[in-house]
Structures are given as C-alpha cells and as structure tokens.
Amino acid sequence: MVQYLDNLLTAGGQVSLLERTVEPGEVGKTPADLKPDVLLRLYRGGTMISLSDLDQAGRLQAGDILVLLTGAQNGPV
C-alpha cells in the first residue's frame, strides 16, 4: 500500500488524480462505465457526492465534475 500511495504522490507516477467535467459521450453512463478509471467523487449542482454515495447519484449528467483515480496513460493531472 505504501508503494501505491508513493506512486500516486509522485509526479510522473503511474497513478494520478484527475478532476474534469463529464464528457458528452459519458452523459447517461454510470460511474462503473468509466473503467478503468475509478470515480472517487462527483460534484453536481454545488453538491459533493462521495464514493460511498455514488450509487445514489444515478447516471452521469452534463455539468457533473468528476474526481477520478486514473492511470498515467490517460494524461497528466
């Protein structure tokens, strides 16, 4: 676990946190559809929805802001 967290915290590591708005092709999808990325947090209309409550959020909507755990191949933070 320590090695994984070190990778996450290291610039140029293989794992990154990424915050971005939902893309048009993702509207209507579920958080599980974002694989291999992992949705950690969702902001919708000024409300923060945490990982433990994502099942209550339903499908992704236009304007949602996503906080993702992503592999470095998907781009820099």
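## Salt bridge exercises

E26 is a buried residue, its relative accessible area being 11%. Keep that in mind as you work through this predicted model.

**Exercise 1.** Find out which residue forms a salt bridge with E26, and whether that partner is buried or exposed.

*Solution.*
- Step 1: Look for the partner. E26 pairs with R20, and their closest N and O atoms lie 2.7 Å apart.
- Step 2: Check the cut-off. A salt bridge needs the nitrogen within 4 Å of the carboxyl oxygen, so this pair counts.
- Step 3: Check R20. Its relative accessibility is 18%, and buried means under 20%, so R20 is buried.

**Exercise 2.** Work out how R44 and D64 are paired, and where each one sits in the chain.

*Solution.*
- Step 1: Get the distance. R44 and D64 form a salt bridge, with 2.7 Å between the closest N and O atoms.
- Step 2: Place them. R44 belongs to strand β2 (residues 38–44), while D64 is in the loop between α2 (54–57) and β4 (65–71). They're 20 residues apart, so the pair links distant parts of the chain.
- Step 3: Check the surroundings. Both R44 and D64 are buried.

**Exercise 3.** Show which residues are joined into one network by salt bridges that share partners.

*Solution.*
- Step 1: Go back to R20. Besides its bridge to E26, R20 meets E23 in a salt bridge at 3.8 Å, N to O.
- Step 2: Join them up. Through shared partners, R20, E23 and E26 make one network.
- Step 3: Check E23. With 42% relative accessibility, E23 is partly exposed.
- Step 4: Count for the whole structure. There are three salt bridges.

Technical notes
Residues are numbered from 1 along each chain as its sequence is written. This is a predicted model: local features need pLDDT of at least 70, side-chain atom pairs count only at pLDDT 80 or more; totals for chains, interfaces and linings use all residues. Side-chain values use heavy atoms; hydrogens and water are left out. A salt bridge is a side-chain nitrogen of Lys or Arg within 4 Å of a carboxyl oxygen of Asp or Glu. Buried means under 20% relative accessible area, exposed over 50%, partly exposed in between (1.4 Å probe, protein chains only). Helices (H or I, at least four residues) and strands (E, at least two) are DSSP runs, numbered from the N terminus.
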